[in-house]
Amino acid sequence: MASALAMEDMGPAHRSAREFLATAAGDETYGALVDEAFDAGAFANAIIQADRARPADSTEPSPSIVAVDELKSRATAVDRHIEAHVEESREALMRSSKGVSALQRDVEAVALAAKDVRRKTRAMTRKVLVPFDAVEKKTARLRLVFEATEVLRRAQRA
């Protein structure tokens, strides 16, 4: 299931490169090139031995020349697949970075709006606190006046 999900995430260049490697791995002569345990010395030695076993009067191309030409061709194909995969990955990265840039702008806009809300909240708090403080002071003064009045009434009755 995980590999099926990973295959869906691959772009066409990645799939094409994987198919190329799978095809190359199945090749009888050159399949060893894509094997992780590839031994270049043994591969070269086998080609040299085939070249030495070739009759001197043979008109067919040398196995070494054929191998070198085939290796060049395969190396060029590998380069093309790598370039296509890198380009596809770069494009995917650019698309995702555009999304990140848009998200960054959105985050900055939200942060700016949050600062504005904090500023407006402080201003509103001041607007509410100024009258509240004035009412509190007047209430304290009225309490003192009331207590003084009560003291005067008691003194007058006594």
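Trainee: Leaving aside neighbours within four places in sequence, which residues is Ser 62 in contact with?
Mentor: In this predicted model, and with those sequence neighbours set aside, Ser 62 is in contact with Asp 51 and Arg 54.

Trainee: And what does the side chain of Ser 62 make with the side chain of Asp 51?
Mentor: The two side chains make a polar contact, at 2.5 Å.

Trainee: Where is Ser 62 found, and between which helices?
Mentor: Ser 62 sits in the loop between helix H3, which covers 40-53, and helix H4.

Trainee: Buried or exposed?
Mentor: Ser 62 has a relative accessible area of 14%, and because buried means under 20%, Ser 62 counts as buried.

Trainee: What about the helices on either side of that loop, at what angle do H3 and H4 pack?
Mentor: H3 and H4 pack at an angle of about 140°, with their axes 8 Å apart, and they are therefore oblique to each other.

Trainee: Which residues meet there?
Mentor: From H3, Phe 43, Ile 47, Ala 50 and Asp 51 meet Pro 63, Ser 64, Ala 67 and Leu 71 of H4, and the residues of this contact divide into 6 nonpolar, 1 polar and 1 charged.

Trainee: Switching to H2, how does it pack with H4, at what angle?
Mentor: Helix H2 (residues 12-25) packs with H4 (residues 63-157) at an angle of about 155°, their axes being 8 Å apart; since angles over 145 degrees count as roughly antiparallel, H2 and H4 are described that way.

Trainee: Is the crossing left-handed or right-handed?
Mentor: H2 passes H4 in a left-handed crossing, and the contact residues divide into 8 nonpolar, 4 polar and 2 charged.

Definitions and conventions:
Residues are numbered from 1 along each chain as its sequence is written. This is a predicted model: local features need pLDDT of at least 70, side-chain atom pairs count only at pLDDT 80 or more; totals for chains, interfaces and linings use all residues. Side-chain values use heavy atoms; hydrogens and water are left out. Axes are lines fitted to C-alpha atoms, for helices over the stretch in contact, and angles run from 0 to 180 degrees between N-to-C directions. Helices (H or I, at least four residues) and strands (E, at least two) are DSSP runs, numbered from the N terminus. Angles under 35 degrees count as roughly parallel, over 145 as roughly antiparallel, 65 to 115 as roughly perpendicular and the rest as oblique. A crossing is left-handed if the near helix is turned anticlockwise from the far one by less than a right angle, and right-handed if clockwise. Ala, Val, Leu, Ile, Met, Phe, Trp, Tyr, Cys and Pro count as nonpolar, Asp, Glu, Lys and Arg as charged, and the others, Gly among them, as polar. Buried means under 20% relative accessible area, exposed over 50%, partly exposed in between (1.4 Å probe, protein chains only). A polar contact is a pair of N or O atoms within 3.5 Å; within protein, one must be able to donate a hydrogen and the other to accept it, and residues adjacent in sequence count only if both atoms are side-chain atoms. Contact means heavy atoms within 4.5 Å.
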